[in-house]
Amino acid sequence: QVQLVESGGGLVQTGGSLRLSCVASGRTFSSHAMGWFRQTPGKQREFVGAISWYGDRTFYADSVEGRFTISRVNAKNTVFLQMNSLKPEDTAVYYCATEAVEYGLGTRRQNGYNYWGQGTQVTVSS
């Protein structure tokens with residue numbers, strides 16, 4: 001069993017920044033890629049970005065490319081999502097997730113992840 005706990009969400013003005021954290025416990029964190037997703041009411045959950053198990057590769061949705069950065073500290077079982085130049089359309093509940101396979105690079109597909117956090121709300125005011 002794996003537990004993922006996100007934190008760091010909140011209310012921020014347009015153009016501001018937030019850093020989300022996701023702490024994992026219960027399994028070998030360092031051997032699994034991690035993904036970030038987000039969801040707004042009435043919409044499907046969408047991919048934000050992912051980081052490989054080693055932390056040397058990241059990729060992002062076009063909508064956040066150049067503004068968001070994912071990093072990880074395996075020694076602390078933690079993955080981060082640094083969000084800069086935030087826009088009102090970034091408002092959502094943000095989730096972290098663990099890729100099911102070991103030693104992977106991450107995937108945009110939700111069904112490639114088997115453990116999810118409870119989410120943290122990010123609200124960007126205009």
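## E6 in strand β1

E6 sits in strand β1, which spans residues 3-7. The model is predicted. E6 is buried, yet it has no salt bridge. R45 carries the nearest side chain of opposite charge, and that side chain is 7.5 Å away. A salt bridge needs the nitrogen and the carboxyl oxygen within 4 Å.

Backbone nitrogens approach the E6 side chain instead. The backbone nitrogen of G119 is 2.8 Å from one of its polar atoms. For the backbone nitrogen of Q118, the distance to a polar atom of the E6 side chain is 3.0 Å. Both residues also appear among the contacts of E6, once neighbours within four places in sequence are set aside. That list includes S21 and C22, then W36, then Y94, Y95 and C96. G117 and T120 are on it too.

## Strand β5 and its two partners

Strand β5 covers residues 46-51. Five of its six residues are buried, so the strand is largely enclosed by the rest of the structure.

On one side of the pairing scheme is β4, residues 34-39. β4 and β5 run antiparallel and are joined by five bridges. R38 stands opposite E46 of β5. Six residues lie between the two strands of this hairpin. Among them is G42, with a positive phi near 85°.

The other partner is β6, residues 58-60. β5 and β6 are also antiparallel, with three bridges between them. Here G49 faces Y60 of β6. This hairpin has six residues between its strands. G55 takes a positive phi near 90° in it.

## Salt-bridge network

The structure has three salt bridges. R38, E46, R67 and D90 are linked in a network of them.

Start with E46 and R38. Their side chains meet in a salt bridge with an N to O distance of 2.5 Å. The two residues also stand opposite each other across β4 and β5. E46 is partly exposed, because its relative accessibility is 36%. R38 has a relative accessible area of 5% and is therefore buried.

R38 forms a further salt bridge, with D90, whose closest N and O atoms are 2.9 Å apart. R38 belongs to strand β4 and D90 to the loop between β8 and β9, so this pair ties together parts 52 residues apart in sequence. D90 is buried, because its relative accessibility is 1%.

D90 in turn meets R67 in a salt bridge of 2.7 Å, N to O. R67 lies in the loop between β6 and β7 (68-73), so the link to D90 connects parts that are 23 residues apart in sequence. Both D90 and R67 are buried.

## Aromatic groups

Seven aromatic pairs occur in the structure. One of them is F47 with F59: the ring centres are 5.4 Å apart and the planes meet at 25°, so the pair is stacked. The pair links distant parts of the chain, with F47 in strand β5 and F59 in strand β6, twelve residues apart.

The two rings' residues have these burial states. F47 is buried, because its relative accessible area is 10%. F59 is partly exposed, because its relative accessibility is 24%. Both belong to one aromatic cluster, together with F37, Y113 and W116.

## T98 in strand β9

T98 lies in strand β9, residues 92-99. T98 counts as buried because its relative accessibility is 5%.

Residues up to four places away in sequence aside, the contacts of T98 include V2 and L4. R27 also touches T98, as do H32, A33 and M34. G112, Y113, N114 and Y115 are further contacts of T98. Y113 is also a member of the aromatic cluster.

## K87 in the β8-β9 loop

K87 is found in the loop between β8 (78-83) and β9. D90 lies in the loop between β8 and β9 as well. K87 counts as partly exposed because its relative accessibility is 33%.

K87 and G15 are 72 residues apart in sequence, but their C-alpha atoms are 6.4 Å apart in space. Not counting residues up to four places away in sequence, K87 touches R67 and V124. R67 is also part of the salt-bridge network with R38, E46 and D90.

Definitions and conventions
Residues are numbered from 1 along each chain as its sequence is written. This is a predicted model: local features need pLDDT of at least 70, side-chain atom pairs count only at pLDDT 80 or more; totals for chains, interfaces and linings use all residues. Side-chain values use heavy atoms; hydrogens and water are left out. Helices (H or I, at least four residues) and strands (E, at least two) are DSSP runs, numbered from the N terminus. Buried means under 20% relative accessible area, exposed over 50%, partly exposed in between (1.4 Å probe, protein chains only). Lys and Arg count as positive and Asp and Glu as negative; His and the chain ends are not counted. A polar contact is a pair of N or O atoms within 3.5 Å; within protein, one must be able to donate a hydrogen and the other to accept it, and residues adjacent in sequence count only if both atoms are side-chain atoms. Contact means heavy atoms within 4.5 Å. Two strands pair if DSSP finds at least two bridges between them. Rings of Phe, Tyr and Trp (its six-membered ring) pair if their centres lie within 6.5 Å; planes under 30 degrees apart count as stacked, over 60 as edge-to-face and the rest as tilted.
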